[in-house]
Amino acid sequence: MFTGIYNNTFSILLLLILLAILLLKMNKQLYIMIGLLIGLLSLMYLLPNFSGTFIQIYTLEVRRFFTLHGFSLAIKNYLIFSIFFGILGILVYRASSYKLFSLLCMLAAVLSLVMLWFSPTLFASGNRVFACANILFIIIGFDLFSKVIEKIKVPRNVALALFSIYPIINLGLPLFIGTPK
């Protein structure tokens, strides 16, 4: 169940990155930020031990947390996700029409995902939390997509056809790049 939701979140984040790339004027800083984003997203997806898994929450013992190795294992996830969502938040803020609303949606989605790591009933409540975050990411994506359509000046029917391809890509994504291990 988590694999399917993880794939959906992964593809929504890829869509947000792509829409931000289409909307922003590229400069050297933007190339570095986008490269770092895609690199982190690829490492998190292809190497689950790089950013941690849900099972690590239950296997981390409290007494090991107070060692340097245990603390670094616990804080690594938050550091990686802070860098990733910080850069993505900057890109979304620069590209969106409703900057404050998009920033608040992004913050709410990220904080709901962070809150998941503190839940003692992770496997029971994880689906709802991921769904809430995905809906907030989709709201941001609609804003960016409508701005791309206005920028390119595509007829509405063609835009709807382009947007309807996304679920097919989302379903086929695990076939092309595999699922997280």
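**Exercise 1. Place Tyr98 in the fold and decide whether it is buried or exposed.**

Step 1. Start with the location: Tyr98 sits in the loop between H6 and H7. Helices here are DSSP runs of H or I with at least four residues, strands are runs of E with at least two, and both are numbered from the N terminus.

Step 2. Now look at the surface. Tyr98 has a relative accessible area of 57%, and therefore counts as exposed, given that buried means under 20%, exposed over 50%, and partly exposed in between (1.4 Å probe, protein chains only).

Step 3. Finally, look across the chain. Tyr98 and Ile140 are 42 residues apart along the chain, with their C-alpha atoms separated by 9.2 Å.

A word on what you are looking at: this is a predicted model, in which local features need pLDDT of at least 70 and side-chain atom pairs count only at pLDDT 80 or more, while totals for chains, interfaces and linings use all residues. Residues are numbered from 1 along each chain as its sequence is written, and side-chain values use heavy atoms, with hydrogens and water left out.

**Exercise 2. Find where confidence is lowest and where it is highest in the protein.**

Step 1. Take the overall level: the mean pLDDT (the predictor's confidence in each residue, from 0 to 100) is 76, and 72% of the residues reach 70 or more.

Step 2. Go to the extremes. Helix H4 (residues 55-59) has the lowest confidence, with a mean of 54, and helix H7 (residues 99-116) has the highest, at 87.

Step 3. Keep a caution in mind: where pLDDT is low, the predicted coordinates should not be read in detail.

**Exercise 3. Describe the overall make-up of the protein: how many helices and strands are there?**

Step 1. Count the elements: there are nine helices and zero strands.

Step 2. Turn to burial. Of the 181 residues in the protein, 40% are buried.

Step 3. Check the contacts (heavy atoms within 4.5 Å). Among those between residues at least 6 apart in sequence, 78% join residues at least 24 apart.

**Exercise 4. Work out which side of H7 holds its buried residues.**

Step 1. Check the length. H7 has 18 residues and reaches 26 Å from its first C-alpha to its last, close to the 26 Å expected at 1.5 Å a residue; the expected span is 1.5 Å times one less than the number of residues.

Step 2. List the buried residues of H7: Ser102, Cys105, Met106, Ala109, Val110, Ser112, Leu113 and Leu116.

Step 3. Map them around the axis. They cover an arc of only 155°, so they lie on the same side of H7; the arc is that of the directions from the helix axis to the C-beta atoms. An α-helix has 3.6 residues a turn, so residues three or four places apart point the same way.

Step 4. Look at the other side of H7, where Leu100 and Met115 are exposed.

Step 5. Zoom in on Ser102, which belongs to helix H7 and is buried at 1% relative accessibility. Beyond its neighbours within four places in sequence, Ser102 is in contact with Val92, Ser96, Ile140 and Asp143.

**Exercise 5. Trace the aromatic cluster: which residues do ring pairs link?**

Step 1. Count the aromatic pairs: the structure holds two. Rings of Phe, Tyr and Trp (its six-membered ring) pair if their centres lie within 6.5 Å; planes under 30 degrees apart count as stacked, over 60 as edge-to-face and the rest as tilted.

Step 2. Take Phe84 and Phe85, an edge-to-face pair at 5.0 Å centre to centre with 80° between the planes. Phe84 is buried at a relative accessible area of 0%, and Phe85 is buried at 11%.

Step 3. Move on to Phe85 and Phe137, a stacked pair at 6.0 Å centre to centre with 5° between the planes. This pair links distant parts of the chain, 52 residues apart: Phe85 in helix H6 (residues 68-95) and Phe137 in helix H8 (residues 122-152). Phe137 is buried too, at 1% relative accessibility.

Step 4. Put the pairs together: Phe84, Phe85 and Phe137 are linked into a cluster.

**Exercise 6. Compare the surroundings of Leu88 and Lys147.**

Step 1. Leu88 is in helix H6 and is buried, with a relative accessible area of 0%. Not counting residues up to four places away in sequence, Leu88 touches Leu13, Leu16, Ile17, Leu37 and Met106.

Step 2. Lys147 is in helix H8 and is partly exposed at 26% relative accessibility. With that exclusion of residues up to four places away, Lys147 touches Leu23, Ala95, Ser96 and Ser97.
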